[in-house]
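Me: I would like to learn how to read the packing of helices and the cores of a model, one feature at a time. Could you take me through it with the case in front of us?

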Amino acid sequence: MERLIDIAEKGHYRQFKYVIPQTCSIHPSLQPLNPHDTHTPTAPTVIKISDRQRERRNNNVDFLILPHLLLLFPLLFLPYFPQTKQPLFPPAQVPLPLAPVRSPFSRLPRLRRPPAELETMDLKKYVKSRLPGGFAAQTIIGTGRRKCAIARVVLQEGTGKVIINYRDAKEYLQGNPLWLQYVKVPLVTLGYESSYDVFVKAHGGGLSGQAQAISLGIARALLRVSEDHRRPLRKEGLLTRDSRIVERKKVGLKKARKAPQFSKR
């Protein structure tokens, strides 16, 4: 069969009613979509076929049905399958639960907590047992401040233990003798170094500022014990709040007063 001579209006041949001579036939795929369309194209599409092809077209056998017949072909043999109790396609079997695989790391000994952490946990329980209701519920309490550090101090009758943030004072203050002296001075002044236990919550600033804040907090707490302690504590300057803080930085200077190097030229 020869190729199409022409397709009217750039290939949109389905939109027109074709005028075909009697000696020619048109392919079914070229039939117009709208049979009521009376528009006649200026250049009708004509397909030239031979007599042999016309005989094949007149045949009523549609070869497009064959693929569908091939799909239905296995259904003809369904009655001949053996009838068994088990289904032809058994459902998916549920796998049995596997035994837990023991990791090789489970044989390793469990890592124990370091003694320092255990000691901290023990001290925390100890402090909570000694201070029911927390720091705010106690009666002999004092607050001290220094620079940016704030310390809340609670005194209780005891043997002279000093616990800062649930840690021993010597460990918390890194064994610095000057900082430890700040903490002990108020009690030593009145002779109470082995008569009271000191519990402290400190935050802000550094260790030096916190140690001096604890000193002021202990001195203020001792005033709750008795007003007679004011004179000896005042004499040693332990009740004076040290108001010295870092001076603010100034605009145009490197620090509070340090200026950049001057160059005349």
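Me: Which hand does the crossing of α5 with α6 have?

Reply: A crossing is called left-handed if the near helix is turned anticlockwise from the far one by less than a right angle, and right-handed if clockwise; in this predicted model, α5 passes α6 in a right-handed crossing. Helices (H or I, at least four residues) and strands (E, at least two) are DSSP runs, numbered from the N terminus. Residues are numbered from 1 along each chain as its sequence is written, side-chain values use heavy atoms, with hydrogens and water left out. Because the model is predicted, local features need pLDDT of at least 70 and side-chain atom pairs count only at pLDDT 80 or more, while totals for chains, interfaces and linings use all residues.

Me: At what angle do the axes of α5 and α6 cross, and within what distance do they come?

Reply: Two packed helices are described by the angle between their axes and the distance between the axes. Axes are lines fitted to C-alpha atoms, for helices over the stretch in contact, and angles run from 0 to 180 degrees between N-to-C directions. Here the axes of α5 (residues 177–190) and α6 (residues 207–225) come within 7 Å and cross at roughly 15 degrees. That makes α5 roughly parallel to α6, given that angles under 35 degrees count as roughly parallel, over 145 as roughly antiparallel, 65 to 115 as roughly perpendicular and the rest as oblique.

Me: Which residues of α5 and α6 meet?

Reply: Contact means heavy atoms within 4.5 Å, and by that criterion W179, Y182, V183, P186, L187 and L190 in α5 meet a set in α6 that includes L207, A211, I214, S215, I218 and L222. The residues of this contact divide into twelve nonpolar, three polar and no charged, where Ala, Val, Leu, Ile, Met, Phe, Trp, Tyr, Cys and Pro count as nonpolar, Asp, Glu, Lys and Arg as charged, and the others, Gly among them, as polar.

Me: Is S215 of α6 buried or exposed, and what does S215 touch?

Reply: Buried means under 20% relative accessible area, exposed over 50%, and partly exposed in between (1.4 Å probe, protein chains only). S215 has a relative accessible area of 9% and is therefore buried; leaving out residues up to four places away in sequence, S215 touches Y182, P186 and L238.

Me: Which elements supply at least two residues each to the largest nonpolar core?

Reply: A nonpolar core is a set of buried Ala, Val, Leu, Ile, Met, Phe, Trp, Tyr and Cys residues joined through side-chain atoms within 4.5 Å. The largest one has 30 residues, and among those touching the most other members are L155, I218 and L233. At least two residues each come from β2 (149–157), β3 (162–164), α4 (169–172), α5, β5 (196–203) and α6, with the largest share, eight residues, from α6. L233 touches P186, L190, A219, L222, L223, L238 and L239, not counting residues up to four places away in sequence.

Me: How do G144 and T159 compare as buried or exposed?

Reply: G144, which lies in strand β1 (residues 141–146), is buried, with a relative accessible area of 0%, and beyond its neighbours within four places in sequence G144 is in contact with A149, I150, A151, A213, L216 and G217. T159, in the loop between β2 and β3, is exposed, with a relative accessible area of 58%. T159 and Y196 are 37 residues apart in sequence and 5.9 Å apart in space, C-alpha to C-alpha.
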